[in-house]
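Visitor: I should like a close look at a single part of this model, namely its second largest pocket. Please describe what lines that pocket, and set the description against the chain as a whole.

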Amino acid sequence: MWEVSSRAGASETVCHERHMKTNGFMRLGRAEATSDDGEIPMYSIDCEMCETAEGMELTRLSVVNESLDCIYDTLVKPTNPITDYKTQFSGITEKSLENVTKTLGSVQRDLGRLLPAHAILIGHSLENDLFALKVVFEIFVIFDVTVRDFSISLFTTRSS
């Protein structure tokens, strides 16, 4: 949705930028960015969401670095009234969000300070997580580890 085709003109790019800003989206990372030492760090992100009166909204963000250290983990208060906590998937309950004051905007700012502009993101269903974060991440690589074929067991041998 946010990619501009090679045929798109500057006005289309400006239109996308305005749409992003008016809908709370934030642009992070820069594809042309590099580090001084040539290293490209990798981070894994995972988001939990709940259903609200306006659709799915972020309730938790966790970020893990290459050393498998959890470097960021926070609960997030959705903007709209929650209609389904999706507890069976997320573990998030009404009680766990009771005293949470962290907003999506503050999480976006934290993420912008935390992740280098040239980072590689890794995760499961990253498109959904970045959409819940309202983040467009312009980086070298976004690696999505989503399993596409759920019918194949890793522990079953197939006969030919």
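Guide: Helices and strands are taken here as DSSP runs, a helix having at least four residues and a strand at least two, with numbering from the N terminus. On that basis the chain holds 4 helices and 8 strands, and their order along the sequence is α-β-β-β-β-β-α-α-β-α-β-β. The model is predicted, and its confidence should be considered before any detail. The mean pLDDT of the chain is 75, with 62% of the residues at 70 or more. Among the elements, strand β4 (residues 70-75) has the highest mean pLDDT, at 97, whereas helix α1 (residues 10-22) has the lowest, at 42. Two stretches remain under 50: residues 1-19, for which the model has 10 contacts beyond four places in sequence, and residues 150-160, for which there is 1 such contact. Where pLDDT is low, predicted coordinates should not be read in detail.

The chain has 160 residues, of which 35% count as buried. It exposes about 10,600 Å², and carbon and sulfur atoms supply 52% of that area. Of the contacts between residues at least 6 apart in sequence, 54% join residues at least 24 apart.

Now to the pocket itself. The second largest pocket encloses about 310 Å³ of space. Its lining is made up of 16 residues, and those nearest its centre are Met 56, Glu 57, Leu 58, Ala 132 and Lys 134. Two elements, β3 (55-65) and α4 (126-133), each give two or more residues to this lining. Sorted by class, the lining has 9 nonpolar, 4 charged and 3 polar residues.

Met 56, one of the residues nearest the pocket centre, belongs to strand β3. Met 56 counts as partly exposed because its relative accessibility of 46% falls between the limits of 20% and 50%. Leaving aside residues up to four places away in sequence, Met 56 touches Met 49, Cys 50, Glu 51 and Lys 86. Tyr 85 stands 29 residues from Met 56 along the chain, with 9.9 Å between their C-alpha atoms.

Lys 86, touched by Met 56, sits in the loop between β5 (82-84) and α2. At 21% relative accessibility, Lys 86 is also partly exposed, since the buried class requires a value under 20%. The backbone of Lys 86 has a phi near 55°, a positive value in a residue other than glycine. Ser 125, in the loop between β6 (120-123) and α4, likewise has a positive phi, near 55°, without being glycine. Ser 125 thus brings the description back to α4, one of the elements that contribute to the pocket lining.

A further residue may be set beside these. Val 100 lies in the loop between α2 (87-90) and α3 (104-114). Val 100 counts as buried, because its relative accessibility of 13% is under 20%. Beyond residues up to four places away in sequence, Val 100 touches Leu 75, Val 76 and Lys 77. Val 100 is also 9.6 Å from Thr 59, C-alpha to C-alpha, although the two are 41 residues apart in sequence.

Key:
Residues numbered from 1 in each chain as written. Predicted model: local features only at pLDDT ≥ 70, side-chain atom pairs only at ≥ 80, totals over all residues. Heavy atoms only, no water. 1 Å grid on protein atoms, 1.4 Å probe; cavity = no way out; pocket = protein on both sides within 12 Å on 5 of 7 lines; lining within 4 Å. Points joined across faces, edges and corners; volume = space filled by probe spheres on them. Nonpolar A, V, L, I, M, F, W, Y, C, P; charged D, E, K, R; others polar. Buried < 20%, exposed > 50% of the residue type's maximum accessible area, 1.4 Å probe, protein only. Contact = heavy atoms within 4.5 Å. Areas by Shrake-Rupley, 256 points an atom, 1.4 Å probe, with all protein chains shown as cover. pLDDT = per-residue confidence, 0-100.
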